Amino acid sequence: MNQRSTIDLEHGWDFMQRGITKLKNILEGLPEPQFSSEDYMMLYTTIYNMCTQKPPHDYSQQLYDKYREAFEEYITTTVLPSLREKHDEFMLRELVKRWSNHKVMVRWLSRFFHYLDRYFIARRSLPGLNEVGLTCFRDQVYQELNGKVRDAVISLIDQEREGEQIDRALLKNVLDIFVEIGMGSMDYYENDFEAAMLKDTAAYYSRKASNWILEDSCPDYMLKAEECLKREKDRVSHYLHSSSETKLLEKVQHELLSVYATQLLEKDYSGCHALLRDDKVEDLSRMYRLFSKIPRGLDPVANIFKQHVTAEGTALVKQAEDAASNKKAEKRDVVGLQEQVFVWKMIELHDKYLAYVNNCFQNHTLFHKVLKEAFELFCNKGVTGSSSTELLATFCDDILKKGGSEKFSDDAIEEMLEKVVKLLPYISDKDLFAEFYRKKLSRKLLFDNSANDEHERSILTKLKQQCGGEFTSKMEGMVNYPDQLC
């Protein structure tokens, strides 16, 4: 072919067809030498010459059409027959191979026909060569097979959920086709695969949950739920598109947790009440992790926590009342000892459940709120004829006066004071506490009965931080200028 002689369409296309056949043979694995740089230049130059000849020999439009027809003919005669004869996993493997080959074919043919892209296509705002090539596969192969492909992939996912080994790399390659076929849009992946996969996921876990909720204890059920969520997340990282993660996990959480939340939390002998009763810290932490992921999932957990703490606190009040009524005939100091024991137990109860809030429930504000509400309910009840306000003031006074603190180290006294002051926000009448404590402090200072001025100042500092400067100003004056009391 002389560069300057006019090339007619038939002869020019016959030469191009030989190059395209060579490319097909290479893709099919037939014995064929690779393209040399001379081969490539001849094919490129032929297209260039056929597009730059004077009318009526400018064959740009015809070559653009024939470029598309080359793909359509190859797909019809070779690609589709090879896919139609295979099924399930074998069909998926063939599809991955054919899509890979197709992209190679698009890459090579678009190079041969590159001159069309630069001028003819650009001037007419036509779809580019790369887009035309990929669209052929989408319209002929993908549209026919995507339903079968989707079903085969979902079947493999369910097999993996049942513990079978599957070829994850194969699934990744197949699902990449759903993404790539959209050429920048996720519509094909979402509509032709993801929607059905999510529906199947919901049905799968609905079946599982309906059995597990009957067979398993609450801790065992939660272990399974957590493991399922972990595995689904793992599936996303290995072969599903990252955009599926949130939607997939929401489906699993809904079926395993939202649907059965009440049944699970209220299970006899193993639900939330039982876990709190038996101090199952690890299970409670897992419960928080799981239910924090679903809408308003923590509300029922917090309500049960509040009920439990309220019941324990109320039981302490009753226990103290019963003990006091049994000691009525005995001396006042025995009753006083009972009151001290009651405050101690309140401190221990607060320590225990504050640790639950900070650790099991990850310092969540909702659990701080219900802990406060629970303590407010029973901290304001009277015990042995005295209000909790008076008992707290007496407890602090007993620790700090001579004979009360000798058995404790300085650090232990500081820790006790810190814990008593933490109970103060639950007391409804804090001014009454201030009044009680001020009278006791005055008496201590008058009779030189305070064990340690530093500890006296320390509790005032803690009270000041908790309740403000006005709350402690008179008491601070008493400690700093004890001579003025006389």
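A salt bridge here is a side-chain nitrogen of Lys or Arg within 4 Å of a carboxyl oxygen of Asp or Glu. By that rule, the count comes to 41 salt bridges. Keep in mind that this is a predicted model.

Let me set the scene before the pairs. The chain has 486 residues, and 46% of them count as buried. It has 21 helices and zero strands. Take contacts between residues at least 6 apart in sequence: 75% of these join residues at least 24 apart. The exposed surface is about 24500 Å², with carbon and sulfur atoms supplying 49% of it.

Back to the salt bridges. Side chains of opposite charge can pair when their charged atoms come close. I'll show three pairs and then a network.

Pair one is Arg 93 with Glu 89. Their closest N and O atoms are 2.8 Å apart. Both residues sit in helix H4, which covers residues 88–112. They are four residues apart there, so about one helical turn separates them. How accessible is each partner? Arg 93 is partly exposed, at 38% relative accessibility. Glu 89 is partly exposed too, at 29%.

Pair two is Lys 372 with Glu 376. Here the closest N and O atoms are 2.5 Å apart. Again we are inside one helix, this time H16, residues 365–379. The spacing is four residues, about one turn of the helix. Lys 372 has a relative accessibility of 36%, so it counts as partly exposed. Glu 376 comes in at 27%, and that also counts as partly exposed.

Pair three is Lys 208 with Glu 162. The closest N and O atoms are 3.1 Å apart. Which parts of the chain does this pair link? Distant ones: the two residues are 46 apart in sequence. Lys 208 is in helix H8, residues 187–215. Glu 162 is in the loop between helix H6 (129–161) and helix H7 (168–180). Lys 208 is partly exposed, with a relative accessible area of 25%. Glu 162 is partly exposed as well, at 46%.

Now the network. Salt bridges link Asp 158, Glu 160, Arg 161, Arg 168, Asp 200, Glu 232, Asp 234 and Arg 235. Please look at that group on the model.

One more arginine, Arg 138. It lies in helix H6. Is Arg 138 buried or exposed? Buried: its relative accessibility is 16%, and the cut-off for buried is under 20%. What does Arg 138 touch, leaving aside neighbours within four places in sequence? Its contacts are Gln 143, Ile 181, Met 183 and Tyr 188.

Last stop, Thr 310. This residue is in helix H14, residues 298–326. Thr 310 is buried, because its relative accessible area of 16% falls under the 20% cut-off. Its side chain reaches the backbone oxygen of Lys 306 at 2.7 Å. Beyond four places in sequence, Thr 310 touches Ala 374, Leu 377 and Phe 378. Where does Leu 377 stand relative to Thr 310? The two are 67 residues apart in sequence, yet 7.0 Å apart in space, C-alpha to C-alpha.

To recap. The chain has helices and zero strands. Two of the pairs I showed sit within a helix, in H4 and in H16. Lys 208 and Glu 162 link distant parts of the chain. Arg 138 and Thr 310 are both buried. Over to you for discussion.

Conventions. Residues numbered from 1 in each chain as written. Predicted model: local features only at pLDDT ≥ 70, side-chain atom pairs only at ≥ 80, totals over all residues. Heavy atoms only, no water. Buried < 20%, exposed > 50% of the residue type's maximum accessible area, 1.4 Å probe, protein only. Contact = heavy atoms within 4.5 Å. Areas by Shrake-Rupley, 256 points an atom, 1.4 Å probe, with all protein chains shown as cover. Polar contact = N/O pair within 3.5 Å; in protein donor to acceptor, adjacent residues only side chain to side chain.
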